[in-house]
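Me: Please take me through the structure shown here, giving the reasoning behind each term that is applied.

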Amino acid sequence: MLPSRDTGKTAGSREREIPKRDDLKNYNYAVAGHAGTMCDADGELFIKPCTQSEVDFYESAHLLHPEFAELMPLYIGTLSLNDSTDQAEIHAQIPSLVEHADIPFSIKEEIQSHLHLDNRTPIVEAPVEKEIISDNVKWIPNKTRKITTDRAVVLENASFGYKKPNIMDAKLGIRLWADDAPTQKKERFNKITDETTHKKFGFRVAGMRVYKGSKDESELDEEGFKIYDKDWGRVTVNNANLVDSFKKYIFNEAAGIDEDLGKTVAGLFVQDLRRVQEVLEKEESRMYSASLLFVFEGDGAALREAIEEAHADGSVQEHKRGPERTLVSNLRVDSGIGLVEEDLCGISAAGDFDELEDDSDEESSFPRIYSLRLIDFAHAAWKPGQGPDENVLLGVRSLVKIFEELAE
């Protein structure tokens, strides 16, 4: 089941002011991401430059693959970009976009309450031309990590609503390149696969952000997080220490997350990972360099309070987006941390949540606990008749086993 997003009315929250036209800012929670992502002043909306093919995949999933769409971020729509587009122009497009978005009414109503709806400047969208990449053209890695595009997707932000969000990006697959990738790119990605956990487990950790993740304060950023970047996932993490590396994400006595609390979180992730596996085994798609994005409350006291409040409430109010069972986690969002440079060209405690279901269209009344979403669809397509995406499923099944072990 998929409980609804937090509305800012929970204990400890504050009154939020309407963002001004120039209030969009750079997104600063990316641990493995590319430049150019932005969010609004409150961090509620996430704006990510992308290709038209990624937009098409979001829209087709929403229209034709509702169970798959349940695994994705909540997609609100797209914005037009060009070389001269500034933050004010981007902000001017958001109200109309939200107004016409096919999203649950309560979410739309809350987002609209935070936007300036008067005197907005309409933006004329430029036509989109798809670029043809020849295999004869030499591929040069994009060191700026910026995508050349005239489109951006608008999503809800994965880290919004948490006190201290712990974030992890797990990049899926053995093969990381799409069919149209240049030869040099294929060779480089194959080398990454051979040298990392991709080859045996079908995924690697592309980055982590852990609250109080080190006793050495010099290793923490200004907000108290330790950043594990993409080089850590490629070089330090290996087949032998993979599970221990996950323990750094889940268990953290310094932040107040003891063994029992960590096992509860791991058990919740197990449920959602099994659902991801179930859906992908029924769908016929191909995704290259897609990721699973894990987020949970990294402040132990806030996490424990959120779980206790959810149990005491006895129900989780949600917005159904599909005809059958959906994810347990209470966010439908994308942090964008998974677009790294190569993308640019206990269980018993978790079981209690099975009963936390409500079909109403009201807002959630308790704090964030955790979230799991499938993200990054720059190289994704539907492939009818070709069967499930076993390349991605290997990584999903490996993650199920790892989190089952953590939850024991």
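**Strand pairing and salt bridges**

Reply: In this predicted model, strand β10 and strand β11 (residues 370-375) run antiparallel and are joined by six bridges.

Me: Why are β10 and β11 called paired strands?

Reply: Pairing requires at least two bridges between two strands. Six bridges join β10 to β11, so the requirement is met. Within this pairing, Val-295 has Ser-371 of β11 as its bridge partner. Strand β6 (residues 165-172) also runs antiparallel to β10, with seven bridges between them; there, Met-168 is partnered with Phe-294 of β10.

Me: What makes β10 largely enclosed by the rest of the structure?

Reply: Seven of the seven residues of β10 (residues 291-297) are buried, so the strand is largely enclosed.

Me: Why is the contact between Glu-67 and Lys-282 called a salt bridge?

Reply: The closest N and O atoms of Glu-67 and Lys-282 are 3.2 Å apart, and the cut-off is within 4 Å, so the pair qualifies. Glu-67 belongs to helix α2 (residues 66-71) and Lys-282 to helix α9 (residues 259-282), so the salt bridge ties together parts that are 215 residues apart in sequence.

Me: How do you know whether Glu-67 is buried or exposed?

Reply: Its relative accessible area is 16%; buried means under 20%, so Glu-67 counts as buried.

Me: What makes Lys-282 partly exposed?

Reply: The relative accessibility of Lys-282 is 46%. This value is neither under 20% nor over 50%, so Lys-282 counts as partly exposed.

Notes:
Residues are numbered from 1 along each chain as its sequence is written. This is a predicted model: local features need pLDDT of at least 70, side-chain atom pairs count only at pLDDT 80 or more; totals for chains, interfaces and linings use all residues. Side-chain values use heavy atoms; hydrogens and water are left out. Buried means under 20% relative accessible area, exposed over 50%, partly exposed in between (1.4 Å probe, protein chains only). Helices (H or I, at least four residues) and strands (E, at least two) are DSSP runs, numbered from the N terminus. A salt bridge is a side-chain nitrogen of Lys or Arg within 4 Å of a carboxyl oxygen of Asp or Glu.
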